[in-house]
Amino acid sequence: MRERKVRQPLIAVLGHVDHGKTLLLDGIRGTTVVAREAGAITQHVGASEVPVDTIKRICGGLLEKFKIEVTLPGLLFIDTPGHEAFTNLRRRGGALADLAALVVDINEGFMPQTLESLTILKSYHTPFMLVANKIDLIHGWQSIPKANFLGSFAKQPPKVQQALDEKIYELVGKLHELGFEAERFDRVSDFRRQVSIVPASAKTREGLPEVLTVLVGLAQRFLERELTVEVTGPARATVLEVKEEVGLGKTIDAIVYDGTLAKGDIFAVGGLDNVITSKVRALLRPKPLDEIRDPEDKFDLVNRVYAAAGVKIAAPNLEGVVAGAPLLVVRDIREAEKLWQEMQRELERVRISADVNGVVVKADALGSLEALEGQLQTKNISIRRADVGDVSRRDVVEAVSVRNSDPLLGVVLAFNAKILPDAQTEAEREGVPILQEEIIYRLIERYEEWAKLKREEVRAKRLEGYVRPAKFALKPGYVFRRSDPAIIGVDVLGGVLKPKAPLMRKDGRSVGTVRELQKEKKSVREAKLGDELAVSIEGPMVGRHIQEGDVLYTDVPRDHVLALKRDLRDLLSGDELAVLDEIIAIKQREDSTYGVM
C-alpha cells in the first residue's frame with residue numbers, strides 16, 4: 001500500500017507590476033533576488049521553500065493567538081511574474097498553486113493586472129488572501145522593522161491608524177464590487193466566505209508574520225484533502241525552466257506536486273516536437289529559504305525528493321524540453337505516449353499559425369508565449385504566428401508578407417528569445433523591426449509606441465497623394481509674367497500649397513494648376529500659412545482670368561475632401577481645416593452634396 005502524507009501547499013504570488021511581489025518573498029527569504037532581476041520585476045518562475053521551523057520563528061505568538069497548530073511541513077512559494085505563469089503552471093484538475101497571495105499597493109489600489117489576477121483566481125476557484133503592501137509609505141507611518149502588523153499598528157498615531165483603515169475599506173469596497181466579501185484579517189468572522197486582507201510592508205517586513213500565519217491557517221483549514229498526497233507513487237511535476245548549468249549541461253527546474261522523484265528514475269517530459277524520455281542523473285535540491293532560480297548558495301545533492309518540492313534535474317537528452325510542460329515518472333512507453341498526447345493538446349492550444357494579418361510572436365517558454373498572446377488579444381492585436389524558440393528567418397519572411405498588406409502589423413515580437421544570425425540579416429535587408437524585451441508589459445508598450453509612430457508615418461505618406469486645402473492672395477505689383485505660365489508673388493493665407501494642385505477662384509471657377517513654387521529663387525516643395533513666395537500657374541492670364549489682389553483656393557476633388565474630413569482630419573492643421581470649410585462652402589453653391597459624407 002502506498003504511503004500518504006500532508007505535503008507543503010504551493011502558493012502563488014500575484015499582483016500588478018511594481019506592487020512588490022518579489023520583494024514580499026524577498027522579505028520572507030531574507031535574500032535579495034529583486035536587485036538582480038531584469039527591471040526588478042520577476043519574469044521567470046522560481047520556487048522558495050519556507051520550512052515549518054522558520055514559520056514558527058517568524059510568526060511567534062500569532063499562531064497561538066489565532067489558535068493555529070502547525071501540521072504542515074512548510075510552505076512552497078512559486079515566485080511568479082503575476083497571473084500569466086499562474087495560468088500556465090497546471091496539473092490535472094486545475095492550477096498548480098493551492099493558494100494565492102494577491103499583492104496590492106495599498107496607496108495605489110487596484111490596477112489592471114490586479115483585476116486580471118482576480119478574474120483568473122475566481123475562474124480557477126483558488127483560495128487567496130490579499131496583501132495590502134507598502135504601509136510604510138502611508139503619510140506619518142512610523143516603521144518598526146520586522147514587527148508584526150498588529151504590534152506596529154497599535155503604536156501609530158490615531159490619524160495614521162485612521163488613514164490605514166480608510167485605505168483598507170477602499171480595498172474592501174472594490175472587492176465587494178467584484179463579488180468578494182473581504183475584511184482586515186483580524187476582523188474576519190468566516191475565513192471560508194471572506195477574503196483576509198493583511199496590511200504589510202515588504203520593504204520593512206512589517207506584517208510578514210501575519211501573511212504567513214493567514215496562509216498556514218487557510219491551508220490547514222481548507223486544503224487538508226488536497227494536500228494529502230501519495231509519497232511513494234511515481235512523481236508528477238511541472239517544468240519551470242530549462243537552463244544550462246556549468247558542469248551539468250542542460251537541466252530542468254521543476255515543481256514536484258505528487259509522488260516521489262528519485263535518482264535513476266526514467267521520466268517522460270514534453271518537448272516541442274515530441275515527448276522526451278530520459279533518466280535522472282542527479283537531483284539538486286535548493287537549500288531551505290533559497291530560491292531555485294537564483295540561488296546564492298550551492299544546491300544540495302539528494303537521492304530523492306517528495307512532493308511538494310522545487311528541484312533541479314540533471315539528465316541527458318533534454319534538448320527541446322519546454323518550460324511549462326508536464327513531467328511524469330514512467331514505467332513503460334505507453335505512459336510516455338499518453339503524456340505526449342496531453343502535450344500535443346497543450347501545444348495546439350498555445351501555438352498559433354493563421355493565414356491572417358497579424359504580428360509574429362516568439363517566446364522562450366510555453367508560459368511566456370501564452371502570457372504574451374493573452375496580453376495581445378486583450379488589446380485586440382491580431383497574431384499571425386506564435387511559437388516557442390529563437391527568432392528565425394522564416395519569422396521575418398512572415399512579417400514581410402504581413403507588412404505588404406498591413407504595415408502596422410509587419411513586426412516580430414521576441415520575448416526572452418534570441419535572434420538567429422540569418423533572421424537578423426533578413427530583418428535588416430527588409431527593414432522589418434524585431435522588438436526584443438525581457439519583460440512582457442514593456443514589449444507590449446514598445447510595440448504600441450512603434451505602431452503609433454508607424455501609423456502616423458503611413459497616414460502622412462497617404463496624405464501626400466491628396467490635394468491639400470490652401471488659400472493665397474495674389475500680391476499687387478508682383479506680377480513677373482502674365483501667362484504661359486503666369487508667375488506672380490503671393491501671400492499664403494492658410495493651408496498647404498503644393499505643385500500640381502488645381503486652383504479655383506472665390507466663385508468656384510477653375511483657373512489652372514500650380515506648376516512651381518519658388519522662395520528666394522529656389523524651388524520649394526510646399527508653402528504654408530505666412531509664407532511669401534513666387535508661384536507659377538499653368539493656364540490663366542493675369543489681367544484676363546485672374547487679377548492682382550485676387551484670392552485663390554486649391555480645387556480639392558470630391559473624393560479627396562471626403563477622405564481628408566473622415567480619415568485624415570487629425571493630420572490637418574487648424575488653418576488647413578478652416579480653409580477646407582471655406583472650399584466646401586464655395587463648392588456647395590453649385591453642388592449641395594459636395595463634402596457631405
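Helices in this account are DSSP runs of H or I that hold at least four residues, and they are numbered from the N terminus. The structure described is a predicted model.

By that criterion, helix α7 covers residues 158-177 and comprises 20 residues. The distance from its first C-alpha to its last is 29 Å, close to the 28 Å expected at 1.5 Å a residue. Seven of the positions named here are assigned to the interior: Val160, Leu164, Asp165, Ile168, Leu171, Val172 and Leu175 are buried in α7. Viewed down the helix axis, the buried residues of α7 fall within an arc of 130°, so they line one face of the helix. Exposed residues are found on the other side of α7, namely Pro158, Lys159, Glu170, His176 and Glu177. The cover over the buried residues includes both strands and helices: β7 (99-105), β8 (128-133), β9 (181-184) and β10 (194-199), together with α5 (112-124) and α6 (149-154). After α7 comes Gly179, which has a positive phi, near 95°.

A further element of the model is an open sheet of five strands with mixed pairing, in the order β22-β24-β23-β25-β26. The edges are occupied by β22 (352-353) and β26 (434-437); each has a single partner strand, so one side of each is left without a neighbour in the sheet. Helix α14 (residues 440-463) packs on this sheet and touches β23, β25 (412-415) and β26. The direction of α14 makes about 150° with that of β26.

Strands of a sheet pair through backbone hydrogen bonds, in either a parallel or an antiparallel manner. Both arrangements involve β24 here: strand β23 (residues 359-363) runs parallel to β24 (residues 383-388) and is joined to it by five bridges, whereas β22 runs antiparallel to β24 and is joined to it by two bridges. Within the parallel pair, Val360 stands opposite Arg385 of β24. In the antiparallel pair, Ile352 has Ala386 of β24 as its bridge partner. Six of the six residues of β24 are buried, so this strand is largely enclosed by the rest of the structure.

Two individual strand residues were also examined. Tyr257 is placed in strand β13 (residues 249-258). Because buried means under 20% relative accessible area, Tyr257, at 8%, counts as buried. The C-alpha atom of Tyr257 is separated by 14 Å from that of Pro73, and the two residues are 184 residues apart along the chain.

Gln518 lies in strand β30 (residues 510-519). With a relative accessible area of 31%, Gln518 is partly exposed. The side chain of Gln518 is joined to that of Glu516 by a polar contact of 3.4 Å. When residues up to four places away in sequence are not counted, Gln518 touches Ser523, Val524, Leu533 and Ala534. Between the C-alpha atoms of Gln518 and Ser536, which are 18 residues apart along the chain, the separation is 8.4 Å.

Terms used: Residues are numbered from 1 along each chain as its sequence is written. This is a predicted model: local features need pLDDT of at least 70, side-chain atom pairs count only at pLDDT 80 or more; totals for chains, interfaces and linings use all residues. Side-chain values use heavy atoms; hydrogens and water are left out. Buried means under 20% relative accessible area, exposed over 50%, partly exposed in between (1.4 Å probe, protein chains only). Contact means heavy atoms within 4.5 Å. A polar contact is a pair of N or O atoms within 3.5 Å; within protein, one must be able to donate a hydrogen and the other to accept it, and residues adjacent in sequence count only if both atoms are side-chain atoms. Two strands pair if DSSP finds at least two bridges between them. Axes are lines fitted to C-alpha atoms, for helices over the stretch in contact, and angles run from 0 to 180 degrees between N-to-C directions. The expected span of a helix is 1.5 Å times one less than its number of residues. The arc is that of the directions from the helix axis to the C-beta atoms.
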